[in-house]
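Here are some exercises to work through with the model open beside you. Try each task before reading its solution.

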Amino acid sequence: QLINHIKSATIIPLAAFSGIPLQNYHPFYDLLIASIHQVTSIPSSILVFQIFPLISSAIYLYLSFIIGRLITKKYSGGLILVFLNTFATSFGWIYTLLKSGNWGGESLFWSMQSASIQINPPLVLSFLFILPILFYILKGKTSLLVILFLSLLPITKAYGGVAGFLLWGFFSLFEI
């Protein structure tokens, strides 16, 4: 794991695969896990495969509930968004079930099912940055937290940065 080789946030050894150095690498997730490992001495494999998925899932679903409730102004709206973020990301499985009687079809609509989002931890972390940005947009407020998350998004996941900046930019256009 690359996480185990990070000793400092300023010096990150780039791994090589078949003699080619790693490129287009977004290091924040690995830096975060390496930092937590250094502070707590919890093995990085436990952080990556056991602790981060539990904590990130709980935060993701909590923020989903808050945003769903904020959008609909109903408790049930929060529950519906939690349900959709948990079970119904692409609905490809419904098509496959009806067509062939199988439970496959996860990437049928080019979307990840909730069960496999945790396979890509930087993606999950970018969601955890985008949801508070969306929260502040819906509240009509600006926060230093938003600036921090917008700063961390590009080094966490590039397209998370694109989504975050587009959300904030679109919001800013209507606030002027």
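## Exercise 1: the nonpolar core

The largest nonpolar core of this predicted model has 27 residues, and those with the most contacts inside it are Leu125, Phe129, Ile133 and Trp168.

**Task.** Find which elements give two or more residues to this core, and which of them provides the largest share.

**Solution.**
1. Start with the contributors: helix 1 (28–40), helix 2 (44–72), helix 6 (121–139), helix 7 and helix 8 each give two or more residues.
2. Next, look at the shares: helix 6 supplies the largest, with 10 residues.
3. Finally, zoom in on Leu125. Setting aside residues up to four places away in sequence, Leu125 touches Phe28, Tyr29, Leu32, Phe52 and Thr156.

## Exercise 2: a helix pair

**Task.** Describe how helix 7 and helix 8 pack, using an angle and a distance between axes.

**Solution.**
1. Two packed helices are described by the angle between their axes and by how far apart those axes are.
2. For helix 7 (residues 144–156) and helix 8 (residues 158–175), the angle is about 150 degrees and the axes are 6 Å apart.
3. Now list the residues in contact. Helix 7 brings Val146, Leu150, Leu153, Pro154 and Thr156, while helix 8 brings Ala158, Gly160, Gly161, Gly164, Phe165 and Trp168.
4. Sort them by class: the contact has 7 nonpolar residues, 4 polar ones and no charged ones.

## Exercise 3: two serines

**Task.** Is Ser56 buried or exposed, and is Ser143 buried or exposed? Then find a polar partner for the side chain of Ser56 and of Ser143.

**Solution.**
1. Locate Ser56 in helix 2. Its relative accessible area is 1%, and buried means under 20%, so Ser56 is buried.
2. Check its surroundings: beyond neighbours within four places in sequence, Ser56 is in contact with Gln118, Val124 and Leu128. The C-alpha atoms of Ser56 and Phe127 are separated by 9.4 Å, although these residues are 71 apart along the chain.
3. For its polar partner, look to Phe52, whose backbone oxygen lies 2.7 Å from a polar atom of the Ser56 side chain.
4. Ser143 sits in the loop between helix 6 and helix 7. With a relative accessible area of 17%, Ser143 is also under the 20% cut-off and therefore buried.
5. The side chain of Ser143 reaches the backbone nitrogen of Leu145 at 3.0 Å.

## Exercise 4: the whole chain

**Task.** How many helices and strands does the chain have, and what percentage of its residues count as buried?

**Solution.**
1. Count the elements: there are 8 helices and 2 strands, in the order β-β-α-α-α-α-α-α-α-α.
2. Of the 176 residues, 35% count as buried.

Key
Residues numbered from 1 in each chain as written. Predicted model: local features only at pLDDT ≥ 70, side-chain atom pairs only at ≥ 80, totals over all residues. Heavy atoms only, no water. Axes fitted to C-alpha atoms, helices over the stretch in contact; angles between N-to-C directions. Helix = DSSP H or I, 4+ residues; strand = E, 2+ residues; numbered from the N terminus. Contact = heavy atoms within 4.5 Å. Nonpolar A, V, L, I, M, F, W, Y, C, P; charged D, E, K, R; others polar. Core = buried A, V, L, I, M, F, W, Y, C linked by side-chain atoms within 4.5 Å. Buried < 20%, exposed > 50% of the residue type's maximum accessible area, 1.4 Å probe, protein only. Polar contact = N/O pair within 3.5 Å; in protein donor to acceptor, adjacent residues only side chain to side chain.
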